[in-house]
Amino acid sequence: MSELLLRHHAPDASGLVHRVTPESAGWSYVGFELWRLRPGQRIAAATGEREACLVIVGGKADITAGAQSWQGLGDRNGPFEGKSPCSIYVPWHEEFAATAVTDLELAVCWSPGGGDFPVRLIPPEAVATSSRGKGSNVRHVRDILPEGEPAHSLLVVEVITPGGNWSSYPPHKHDVDNPPEESLLEETYYHRVNPSQGFALQRVYTDDRSLDAALVVEDGDVVLVPRGYHPCAAAHGYDLYYLNVMAGPKRVWRFTTEAAHRWLTA
């Protein structure tokens, strides 16, 4: 099994399913956690030198962050309901806690912190939505924490790719720190598949093929993208959701499309 693919599994006693850190991934910026909590279960953490974005993938939660608190946050049971999520941005040097009100699927997205940003709620109506592509390359984007919204280094986005379609395609990369042409961003993909017995494909590869991994992705898997191109394909009949976390030395998303496939965007 590729070291880039983290398989889904049952949560541990605390509710933790996935934890990616810079140390575990062998990189410098991105962290990611996925929690599945039963009603009444609680997690708490301090951001320290990092910033965080808490994304309610499905269910309801009571959340405190800094001096603020919210009750019963969450307006969807899961990511395939056609709704944007509720999220909370937490800057560095703050604390947060989340308690599950219902069965809860909670993503905690991490990156290095800095600056002077307040704790804030990102409600569904504040999430910009768009559709990209045409034909079998259509996907639907929910920008939770894009570069135009305040944060130090963190970028967070959800994408729904209908069954039979491609996404993160034509293949693009963002692994060179050379803005405005390209920015260096590490990235995680948290995948969900609907219906859950389906699968998707993701390839992660570089121009020189020193990295070239073709991955079969199932519901609940995480894929690490340290560098290179990273297109996805959703199998016919199975919609694909992914939550992207990106961060790097500069908080801009600039990418290079693989030269062999640029004709697709002409």
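# Exercises on a predicted model

In strand S10, Glu-105 is the bridge partner of Arg-36. Strands are DSSP runs of E with at least two residues, and helices are runs of H or I with at least four, numbered from the N terminus. The model is predicted, so local features need pLDDT of at least 70 and side-chain atom pairs count only at pLDDT 80 or more, while totals for chains, interfaces and linings use all residues. Residues are numbered from 1 along each chain as its sequence is written, and side-chain values use heavy atoms, with hydrogens and water left out.

## Exercise 1: the sheet

Find how strand S3 and strand S10 pair, and then place them in their sheet.

Step 1. Two strands pair if DSSP finds at least two bridges between them.
Step 2. S3 (residues 31–37) and S10 (residues 104–112) have seven bridges and pair in the antiparallel sense.
Step 3. The open sheet has six strands, ordered S2-S3-S10-S5-S8-S11, with antiparallel pairing.
Step 4. At the edges stand S2 (16–20) and S11 (120–122); each has a single partner strand, so one side of each lacks a neighbour in the sheet.
Step 5. From one strand to the next, the twist averages 15 degrees. Here axes are lines fitted to C-alpha atoms, for helices over the stretch in contact, and angles run from 0 to 180 degrees between N-to-C directions.

## Exercise 2: Val-55

Decide whether Val-55 is buried or exposed, and list what Val-55 touches.

Step 1. Val-55 lies in strand S5 (residues 50–58).
Step 2. Buried means under 20% relative accessible area, exposed means over 50%, and partly exposed is in between (1.4 Å probe, protein chains only).
Step 3. Val-55 has a relative accessible area of 0%, so this residue is buried.
Step 4. Contact means heavy atoms within 4.5 Å. Leaving aside residues up to four places away in sequence, Val-55 touches Pro-85, Cys-86, Ser-87, Glu-105, Leu-106, Ala-107, Cys-109, Ile-144, Val-156 and Glu-158.
Step 5. Thr-257 is 202 residues from Val-55 along the chain, and their C-alpha atoms are separated by 29 Å.

## Exercise 3: cysteines

Explain why Cys-86 and Cys-232 form no disulfide.

Step 1. A disulfide is a covalent bond between the sulfur atoms of two cysteines. The cut-off used here is a pair of cysteine sulfur atoms within 2.5 Å.
Step 2. For Cys-86, the closest cysteine sulfur belongs to Cys-53, 11 Å away, which is too far for a bond.
Step 3. For Cys-232, the closest is in Cys-109, at 17 Å, also too far for a bond.
Step 4. The structure holds zero disulfides.
Step 5. Cys-86 is buried at 8% relative accessibility, and Cys-232 is buried at 1%.

## Exercise 4: backbone angles in loops

Locate the cis peptide bonds at Pro-180 and Pro-195, and the positive phi values of Ser-168 and Arg-209.

Step 1. The bond from Pro-179 to Pro-180 is cis, with omega near 10 degrees. Pro-180 sits in the loop between strand S17 (175–178) and strand S18 (182–184).
Step 2. The bond joining Asn-194 and Pro-195 is cis, with omega about -5 degrees. Pro-195 is in the loop between strand S19 (186–194) and strand S20 (199–205).
Step 3. Ser-168, a residue other than glycine, has a positive phi near 50 degrees. Its loop runs between strand S15 (166–167) and strand S16 (172–173), and Ser-168 is buried at 7%.
Step 4. Arg-209, also not glycine, has a positive phi near 60 degrees. Arg-209 lies in the loop between S20 and strand S21 (212–218), and counts as partly exposed at 39% relative accessibility.
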